[in-house]
Amino acid sequence: MYIMDFYEVLEKRRTYRDFSDREVSDEILKRVIGAAFKAPTNDHLRQLEFIVVRGRDNIAKVIAPLSKNMAAFKELVFEVDESGDKDKMAMFADALPKQQKMLMESGLLIIPFFRQQTYSLLKPVEQSSLNYFASAWCALENMLLAAANEGLGTVFHIPVSDEADKIKEIVRAPEGYEFTCLLTMGYPAENAFLPKQKKIDIEDRIHMNVW
């Protein structure tokens, strides 16, 4: 197996929304999920749990709560955007119609759960109240990079409105656990659309001592 240089992995980590029919093996899946447990974690607890859903019929049942929100979200995005950013709008134009389709095409959906202790996720008292949430996203980033190293494309959907509660009910998640997103990964289709990467001048973003 070809092993990429770390910075090559960073460059290859891209958001794909078009997948081939090629199945991701259990061996690769375990390596990708295993990478999550190498991330920094609050209180060194690593209280991460993963629901893996395979097969389009099974995935369709899990993501059913998304359907009624998509049309409204698409309309809202195009109404309120005033940035004039053509690259951003090109990404939205490709992404929004595919929100459900992309979660099913790969045939593999991962729901990464974490245990949010002490504070309600949506009612933080202070910044440190989000330590568990931050740890969960660090774990997810490790998974995105591991997937890129395996030649996989990834894309995630962050739940909106009542989607999270309904999905937790569907998958019978225990009390006290939250999930960051719905994550799908698979082998990119040959004609997969890739959003244009923005060119950032790093020196313009670094401020020494003070802003």
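This passage walks through the fold of the chain, its central helix contacts, its salt bridges and a few features of its surface and loops.

The model described here is predicted. Its chain contains nine helices and five strands, and these elements follow one another along the sequence in the pattern α-α-β-α-α-α-α-β-α-β-α-β-β-α. Among the 211 residues, 39% count as buried. Contacts reach far along the sequence: of those with a separation of 6 or more, 81% are made by residues 24 or more positions apart. The chain exposes about 13,000 Å², and 53% of that area is supplied by carbon and sulfur atoms.

Helix 7 is a good place to begin a closer look. The helix covers residues 131–149. At 1.5 Å a residue, its 19 residues should span 27 Å, and because the C-alpha atoms at its ends are 27 Å apart, the expected and modelled spans agree. Its buried residues are Tyr132, Ser135, Ala136, Ala139, Leu140, Met143, Leu144, Leu145, Ala146, Ala147 and Ala148. Several parts of the chain provide the cover for these residues, including helix 1 (6–12) and helix 2 (26–36). The cover also includes strand 1 (48–54), strand 2 (108–115), strand 3 (153–157) and strand 5 (182–186). After helix 7 comes Gly151, which has a positive phi, near 85°.

Charged pairs come next. As a general point, side chains of opposite charge can pair when their charged atoms come close. The structure holds eight salt bridges. In one of them, Arg56 pairs with Asp21, with 3.6 Å between the closest N and O atoms. This pair links distant parts of the chain, 35 residues apart: Arg56 belongs to helix 3 (residues 56–62), and Asp21 to the loop between helix 1 and helix 2. Arg56 has a relative accessibility of 40% and so counts as partly exposed, whereas Asp21, at 70%, is exposed.

Lys168 takes part in two of the salt bridges described here. With Asp165, its closest N and O atoms are 3.8 Å apart. Both Lys168 and Asp165 lie in helix 8, three residues apart, or about one turn of the helix. In an α-helix there are 3.6 residues a turn, so residues three or four places apart point the same way. Lys168 counts as buried because its relative accessibility is 15%, and Asp165 counts as exposed at 53%. The side chain of Lys168 also meets that of Glu178 in a salt bridge, at 3.0 Å from N to O. Here the link is between distant parts of the chain, with Lys168 in helix 8 and Glu178 in strand 4, ten residues apart. Glu178 is partly exposed, with 21% relative accessibility. Elsewhere, salt bridges with shared partners join Glu23, Asp26 and Arg54 into one network.

What do the cysteines of this model show? A search of the whole structure finds zero disulfides. Cys181 is buried, with a relative accessible area of 0%, whereas Cys138 is partly exposed at 33%.

On the surface, Ile200, Ile202, Ile206 and Met208 form a nonpolar patch. Together these residues have about 430 Å² of accessible area. One of them, Ile202, is placed in helix 9 and is exposed, with a relative accessible area of 54%.

Two residues other than glycine have a positive phi and deserve a look in the viewer. Arg172 has a phi near 60° and is found in the loop between helix 8 (163–170) and strand 4 (177–179). Its relative accessibility is 75%, so Arg172 counts as exposed. For Asn209, phi is near 70°. Asn209 is found in the segment after helix 9 (202–205) and counts as exposed, at 82% relative accessibility.

Note on methods. Residues numbered from 1 in each chain as written. Predicted model: local features only at pLDDT ≥ 70, side-chain atom pairs only at ≥ 80, totals over all residues. Heavy atoms only, no water. Helix = DSSP H or I, 4+ residues; strand = E, 2+ residues; numbered from the N terminus. Expected span 1.5 Å × (residues − 1). Buried < 20%, exposed > 50% of the residue type's maximum accessible area, 1.4 Å probe, protein only. Contact = heavy atoms within 4.5 Å. Disulfide = S-S within 2.5 Å. Patch = residues over 30% accessible without salt bridge, like charges linked within 9 Å, V, L, I, M, F, W, Y side chains within 5 Å. Areas by Shrake-Rupley, 256 points an atom, 1.4 Å probe, with all protein chains shown as cover. Salt bridge = Lys/Arg side-chain N within 4 Å of Asp/Glu carboxyl O.
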